[in-house]
Amino acid sequence: MSINQSGWRPTSPEANTGNVPASVTGNKALMLEEALIFEIGDGETTGVDFDTFGSPANAGAQGTKDSDHGPGFLRSQENKLGGLLRTAPIGLPGLSEPETVRHYTRLSRQNYGIDLGFFPLGSCTMKHNPRLNEKMARLPGFSDVHPLQPVDTVQGALEVIHQLAHWLVTLTGMTSVAMSPKAGAHGELCGILAIRAALEAKGEGARKIILVPESAHGTNPATAAFAGYSVEDIPATAEGRVDTAALKARLGPDVAGVMITNPNTCGLFERDMREISDAVHAAGGFVYCDGANFNAIVGRVRPGDLGIDAMHINLHKTFSTPHGGGGPGSGPVVFSEALTPYAPVPFVERQGDQFVLIEEENADEHHAGSFGRMVAFHGQMGMFTRALTYILSHGADGLRQVSEDAVLNANYILRSLDDTLDAPFGPSGPCMHEALFSDSGLAAGFSTIDIAKGLIDEGFHPMTMYFPLVVHGAMLVEPTETESKAALDQFIAALRSVAERAKAGDPSLKTAPHFAPRARLDETLAARKPVLVWKDPAPLAQAAE
Ligand SMILES: *Cc1c(COP(=O)(O)O)cnc(C)c1O
């Protein structure tokens with residue numbers, strides 16, 4: 001079906017479904033179709049009223065219009081471009097201002113977000129972003145700050161970083177924190193680089209193995225490999241936790257450390273953490289903990305008490321700063337005393353009543369072994385402001401309740417659905433912040449993807465699918481603490497209904513979603529061979545003068 005000259009796709013008769021005729025426009029009431037901007041825009045239309053070069057209003061530019069080179073083309077001996085003058089039209093589509101506003105508004109309505117509905121994407125902690133955080137982050141003293149401003153003009157911003165650092169260290173029971181890493185995976189790299197620097201300083205740089213349990217997040221082995229380590233898997237037990245005996249048996253002089261996700265990707269707390277840390281330390285290695293799921297234990301467990309040497313915290317998960325399409329991540333890394341000297345710069349320190357930025361690796365004895373920097377400047381200021389607002393507005397009791405409610409909500413989902421869906425680790429006890437189901441028991445030919453697509457028709461973002469790998473056809477549901485019981489009940493009813501259709505082999509589920517703007521896309525092809533350049537299927541002659 002192609003775009004007509006007015007820039008919309010007339011609906012073909014096949015689009016009629018049952019007794020309901022398709023609309024002529026392809027729109028479905030409030031759900032509006034929208035073509036690509038390249039299909040609806042053209043080189044002639046613009047929302048801005050430029051003077052034509054060479055016109056009297058522009059006489060000072062000394063330009064003349066060159067009709068060989070399209071509209072408004074400047075040819076001037078006075079131009080400052082040397083020989084780099086453009087010789088062909090740029091080919092960008094133009095729209096009027098109202099068309100532009102509608103284009104992007106329509107596209108945004110085809111998307112899903114946490115402000116629209118329940119977003120149970122496991123491991124991602126898609127919780128509500130409190131508006132108070134936004135209000136604070138928008139205060140001009142924070143939002144307009146420039147990283148190269150003189151330090152005495154940004155004392156307030158540095159105080160925010162310093163205070164947030166204080167609370168992160170306090171909540172985790174660790175010694176120091178590097179604030180600059182810009183996401184969870186970036187924080188992992190930061191932690192592993194500090195471990196490497198510490199080992200090299202001890203003359204133990206030959207340790208080249210990082211042990212990673214099967215229940216760890218996928219970014220963990222990727223990080224270790226990226227930092228030049230060989231990754232060895234440690235199996236999981238039948239109840240979904242790391243096999244401590246197997247891990248201890250593998251320790252030795254070639255092992256640099258372990259990376260353990262806790263709570264792990266099965267949504268379970270790794271209970272043997274202290275025993276594992278002691279064994280790793282006795283064998284001369286370090287313990288990295290993936291703390292992206294800290295929201296499940298904040299206020300109740302201090303990783304420092306578990307013998308952890310480095311752990312990243314996802315401010316965009318635990319501390320509610322927006323993520324996904326909504327904002328950049330931020331992944332500060334807390335360190336033990338043993339790793340603190342190797343942490344990256346910069347640090348904010350308080351000296352008397354001044355806040356100073358420690359930016360040099362050898363600034364003082366505390367940072368003598370620093371491995372360098374993770375980023376050019378100081379981290380994500382907007383996210384620091386939001387996270388500190390979240391921490392202060394919740395207080396100690398509120399943060400504790402965050403983790404309790406997150407765990408309660410996940411267990412409510414687990415126990416409400418384990419009669420319909422297979423919950424492989426359900427029998428071994430409660431889960432932490434996310435509930436894990438498998439595709440066992442679905443009709444032949446039906447899998448997790450069919451349930452995910454069915455949930456789209458019910459108006460929900462699907463859960464995490466086929467991850468973690470230790471469970472066949474995994475469905476990982478993370479409700480977070482910000483969902484009400486009413487929202488959870490509605491989701492449970494929807495997932496129950498879709499699961500029952502998948503168990504009964506309802507063929508209409510194989511073609512779901514039926515109500516979404518697009519149905520089953522080849523997501524693998526899109527990821528492996530993305531088409532990033534739009535090509536005009538039937539190029540019109542470029543408009544000349
Ligand atoms: C989200 C997540 C990560 C990665 O965090 P990013 O900010 O997306 O890089 C790592 N580990 C776990 C357990 C996570 O949930």
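The protein chain exposes about 26600 Å² of surface, and carbon and sulfur atoms supply 56% of that area. This is a predicted model. Buried residues account for 46% of the 545 residues in the protein chain. The secondary structure comprises 14 helices and 14 strands. Take contacts between residues at least 6 apart in sequence: 68% of them join residues at least 24 apart.

**Nonpolar core**

- The largest nonpolar core has 55 residues.
- Within it, Leu164, Leu168, Leu247 and Phe319 touch the most other members.
- Several elements each supply at least two residues of this core, among them the helices α5 (155–172), α9 (273–282) and α10 (381–417).
- The strands β4 (209–213), β6 (255–261), β7 (286–290) and β11 (354–358) also each supply at least two.
- Leu168 serves as an example of the contacts made here. Setting aside neighbours within four places in sequence, Leu168 is in contact with Val177, Met179, Ile313, Leu315, Phe319, Pro332, Val334 and Ile391.
- Phe319 thus appears twice: in the list of contacts of Leu168, and among the core residues that touch the most other members.

**β4, α7 and β5**

- Strand β4 runs parallel to strand β5 (residues 230–234), and five bridges join the two.
- Ile210 has Val231 in β5 as its bridge partner.
- Helix α7 (residues 219–226) completes a β-α-β unit with β4 and β5, and the unit is right-handed.
- β4 also belongs to the core picture, as it supplies at least two core residues.

**The β10–β11 hairpin**

- Strand β10 (residues 347–351) and β11 run antiparallel, joined by five bridges.
- Gln351 stands opposite Gln354 in β11.
- Two residues lie between the strands of this hairpin.
- Gly352 takes a positive phi near 65° in the hairpin.
- β11 is another contributor of at least two residues to the core.
- A cis peptide bond comes in the loop leading to this hairpin: Val345 and Pro346 are joined with omega about 5°, and Pro346 lies in the loop between β9 (333–335) and β10.

**The three-stranded sheet**

- An open sheet of three strands follows the order β12-β14-β13, with antiparallel pairing.
- β12 (435–437) and β13 (464–465) are at the edges, each with a single partner strand, so one side of each has no neighbour in the sheet.
- Two bridges join β13 to strand β14 (residues 475–477), and the two run antiparallel.
- Thr464 has Leu476 in β14 as its bridge partner.
- Tyr466 is found in the loop between β13 and β14. Its phi is positive, about 55°, although Tyr466 is not a glycine.
- Is Tyr466 buried or partly exposed? With a relative accessible area of 34%, Tyr466 is partly exposed.

**Aromatic pairs**

- A search of the whole structure finds six aromatic pairs.
- One of them is formed by Phe38 and Trp534. The pair is stacked, with 5.1 Å centre to centre and 15° between the planes.
- This pair links distant parts of the chain, 496 residues apart. Phe38 is in helix α1 (residues 37–40), and Trp534 is in the segment after α14 (523–528).
- Phe38 counts as partly exposed because its relative accessibility is 34%.
- Trp534 also counts as partly exposed, at 29% relative accessibility.
- One aromatic cluster is made up of Phe118, Phe460 and Phe491.

**Other backbone features**

- Which residues flank the cis peptide bond between α13 and α14? Ala512 and Pro513 are joined by a cis peptide bond, with omega about 5°. Pro513 is found in the loop between α13 (507–510) and α14.
- Ser320 has a positive phi of about 65° although it is not a glycine.
- Ser320 lies in the loop between β8 (310–312) and β9.
- Ser320 counts as buried because its relative accessible area is 1%, and buried means under 20%.

Conventions
Residues numbered from 1 in each chain as written. Predicted model: local features only at pLDDT ≥ 70, side-chain atom pairs only at ≥ 80, totals over all residues. Heavy atoms only, no water. Core = buried A, V, L, I, M, F, W, Y, C linked by side-chain atoms within 4.5 Å. Buried < 20%, exposed > 50% of the residue type's maximum accessible area, 1.4 Å probe, protein only. Helix = DSSP H or I, 4+ residues; strand = E, 2+ residues; numbered from the N terminus. Contact = heavy atoms within 4.5 Å. Pairing = 2+ DSSP bridges. Right-handed = clockwise from strand over helix to strand, strands pointing away. Areas by Shrake-Rupley, 256 points an atom, 1.4 Å probe, with all protein chains shown as cover. Phe/Tyr/Trp six-rings, centres within 6.5 Å; stacked < 30°, edge-to-face > 60°.
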